[in-house]
Structures are given as structure tokens and as C-alpha cells.
Amino acid sequence: MQTLVTGATGTLGTALVSRLQAAGHEVRAASRSPPADGTADWVELDLASGDGLPAALEGVDAVVHAATAPTGDTKAVDVEGTRRLLEAAADAAVENVVYPSIVGIESIPYSYYEHKLAAERVIEDSDVPHTILRATQFHEFVADSFDTLSKLPVWPLPTEMRIQPVAVGEVADVLVEAAVPDPRGRMAPMGGPEVHSVGALARGYRTAKGLRRPVVRLPIPTATFRAFRDGEATCPDRAVGTVTWQEWLQADGFSSGTPTSASGSGSPADTT
Ligand SMILES: NC(=O)c1ccc[n+]([C@@H]2O[C@H](COP(=O)([O-])OP(=O)(O)OC[C@H]3O[C@@H](n4cnc5c(N)ncnc54)[C@H](OP(=O)(O)O)[C@@H]3O)[C@@H](O)[C@H]2O)c1
């Protein structure tokens, strides 16, 4: 299998490249800037303009499309870029385009999710054989978000929002299994082993980091917040991932001392 990974330098893309190689795929890695390790054949690809598409798809059997621009021009990259990719994949007679998407995007009014939904429709409306797997938020994404907050003396957070984080490697494993010339259409979604409130996740992170910042409940009166609070981003009946937040924090190496439960009560100063 010659397999193209778009977004190969991202959180998911990096996990995909090594796993696809281990599974025997000839991997072509695509992104705008080259990967740091240089272990895969790399092509420069900009989905916002389409530059590099024909060369990226030459001789490709399957594509795992992990490129995304959540904080950039999402429409140009995730929607129109996916359309460009699918047109080029049709020309190259690709046998399966595998697309990671996100649980709950049809129920959560958030512009990035609206663009992800539009990208799913682009894929489903095309003639290219495809596989779509929706997953919940990655542990890595949650930790990155807390890293951004971690220097603040107080952590204001929408503590009641609920998510079901999953290890990116476990999502990559399922996508690698799906990256064969046997498209599955829409797969059952996958989530991590546990649903947590953002407050509980923050307290677990704080303990693992050995920090003592108060977590303060930040009320956000929006429909997006209410959808997360009501569990629309979770799929508890599809708790396929096995690595818990607490296990992931410990394995990530920054855990200090004896970790307490991620759902523990934390510091007395908390207002969650
Ligand atoms: N993060 C999560 O919690 C989560 C959960 C479920 C599903 N997903 C889905 O999984 C996929 C991967 O997410 P991720 O978190 O791994 O993303 P990420 O870490 O932000 O990586 C994004 C990748 O896209 C590339 N990219 C950005 N703009 C591009 C452009 N114009 N043309 C070509 N490549 C471009 C980036 O490389 P360059 O900047 O070098 O081009 C990078 O390799 C996405 O579809 C996302 O919706 C994510």
C-alpha cells in the first residue's frame, strides 16, 4: 500500500506515520512544513491553495486525511481543501480516503465543528470510496489546552463541560486498520474510557504537574457551552479507548508524587 498522510506533522498525523510504517505501508507524509524526524517520504502540500496535490497523490492507494486548521482559515483548509483533495483523489483512482472527524459535531454550534461537518459531507457526496471515523478529544489536545493556562495564578475554566478524552495512539490504531482498499463508509465512533468534567480533568492535570492553582468555574452562557455540558461531545456507549486521563498523565512523564483521582476534590480554593 502506498498511503498518503495529510497533516503528517500534527498530533494525529505523527502517530499515524509511524504506525502505518510499522504495518507495512509505504508512507508519503504531506504538510506545509517538513516533519522534524524525516523518517517518511515527505511532500509539500498546501490544501488552502491546492499546491502540491497532484504530486502528493501520484501512485497512492489510500489517503488518511488528518490535515486541519482549527485556528486558521478552517473553511479554506478543512472544507475547500478537502474538496480539492477528493477531486485529486478521484483523478488518481484512490481506493479509500480515511477521514478522522469529531463526535457530536452536528449538535455543537461551534464554527470549527460546522466546517468539520461540511467536510464530512464533501467526502460523502464524492465518488471516492471513503471511511469516516469520529473520535472524541485527544488527551494530547486537553493537556495542550491546560499547558496554555498553567502559568496563570488562577485557572478560569468552564468546569461543567464534559468530554471523554482518548489517547491519540488508540485513534491512530483504528485509522491504520481502516486504511486498506476496503472502504467502510461511516464507522461507529470511538471515545476514551471515561467521561469527565473539565473541572475534574484540570484537577488531575494540576496534581500531575505538582501545581496548586485554584480552578475557578467560568460560566459561559452560550449554546456551545450547554452542548458540551450536556455531553454532546461524548459517546459513553462507544468507550473504545483504554488509556484513562490519569494513566495518560502518568505515562506522559510529568506526574509528580502520588496522583490523586482525576475526579477528586482538589484544592479548597476551587470554586468548581
Ligand atoms: N485534536 C483532537 O482532540 C481531535 C479529536 C478528534 C478528531 N480530530 C481530528 O483529527 C485530525 C487531526 O487533528 P490534530 O489535532 O492532529 O491536528 P493538528 O495537530 O492541528 O495538525 C494539523 C496538521 O494539518 C497541517 N496543515 C495545517 N494547515 C494546512 C494546509 N493549509 N495544508 C496542508 N496541511 C495543513 C499541519 O501541518 P502544517 O502546518 O505544516 O501544514 C499539521 O500537520 C483533524 O481532522 C481533527 O479534526 C482531532
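Here is a walk through this structure, starting at the ligand and moving on to two pairs of helices. Keep in mind that this is a predicted model.

Let's begin with the ligand. It has 27 residues around it, and the closest are Thr 9, Leu 12, Arg 32, Tyr 112 and Lys 116. What kinds of residues make up this shell? Sorted by class, 14 are nonpolar, ten are polar and three are charged.

Now look for the polar atoms that sit by the ligand's oxygen atoms. Ser 33 places a polar side-chain atom 2.8 Å from an oxygen atom of the ligand. With Thr 68, a polar backbone atom takes that role, 3.3 Å from a ligand oxygen. Pro 100 also uses its backbone: one of its N or O atoms is 3.4 Å from an oxygen atom of the ligand. How much of the ligand does the protein bury? On its own the ligand would expose 900 Å², and the protein buries 87% of that.

Which elements supply the shell? Helix 1 (11–22), strand 5 (96–102) and helix 4 (111–125) each give at least two residues to it. Strand 5 contributes the most, with three residues. You have already met one residue from this strand's range, Pro 100, with its backbone atom 3.4 Å from a ligand oxygen.

Helix 4 is a good place to go next, as it also packs with helix 3. The axes of helix 3 (residues 74–91) and helix 4 come within 9 Å and cross at roughly 10°. Angles under 35 degrees count as roughly parallel, so helix 3 runs roughly parallel to helix 4. On the helix 3 side, the contact is made by Thr 74, Lys 75, Asp 78, Val 79, Thr 82, Arg 83 and Leu 86. Helix 4 answers with Tyr 112, His 115, Lys 116, Ala 118, Ala 119, Val 122 and Ile 123. Tyr 112 and Lys 116 may ring a bell: both are among the residues closest to the ligand. Taken by class, this contact has seven nonpolar, three polar and four charged residues.

The other pair is helix 5 (residues 139–149) and helix 7 (residues 198–209), whose axes come within 11 Å and cross at roughly 70°. That angle makes helix 5 roughly perpendicular to helix 7. Where do they touch? Helix 5 uses Val 142, Ala 143, Phe 146 and Asp 147, while helix 7 brings in Val 198, Leu 201, Ala 202, Tyr 205 and Lys 209. Here the contact residues split into seven nonpolar, no polar and two charged.

How values were computed
Residues numbered from 1 in each chain as written. Predicted model: local features only at pLDDT ≥ 70, side-chain atom pairs only at ≥ 80, totals over all residues. Heavy atoms only, no water. Near = heavy atom within 4 Å. Polar contact = N/O pair within 3.5 Å; in protein donor to acceptor, adjacent residues only side chain to side chain. Areas by Shrake-Rupley, 256 points an atom, 1.4 Å probe, with all protein chains shown as cover. Helix = DSSP H or I, 4+ residues; strand = E, 2+ residues; numbered from the N terminus. Nonpolar A, V, L, I, M, F, W, Y, C, P; charged D, E, K, R; others polar. Axes fitted to C-alpha atoms, helices over the stretch in contact; angles between N-to-C directions. Parallel < 35°, antiparallel > 145°, perpendicular 65-115°, else oblique. Contact = heavy atoms within 4.5 Å.
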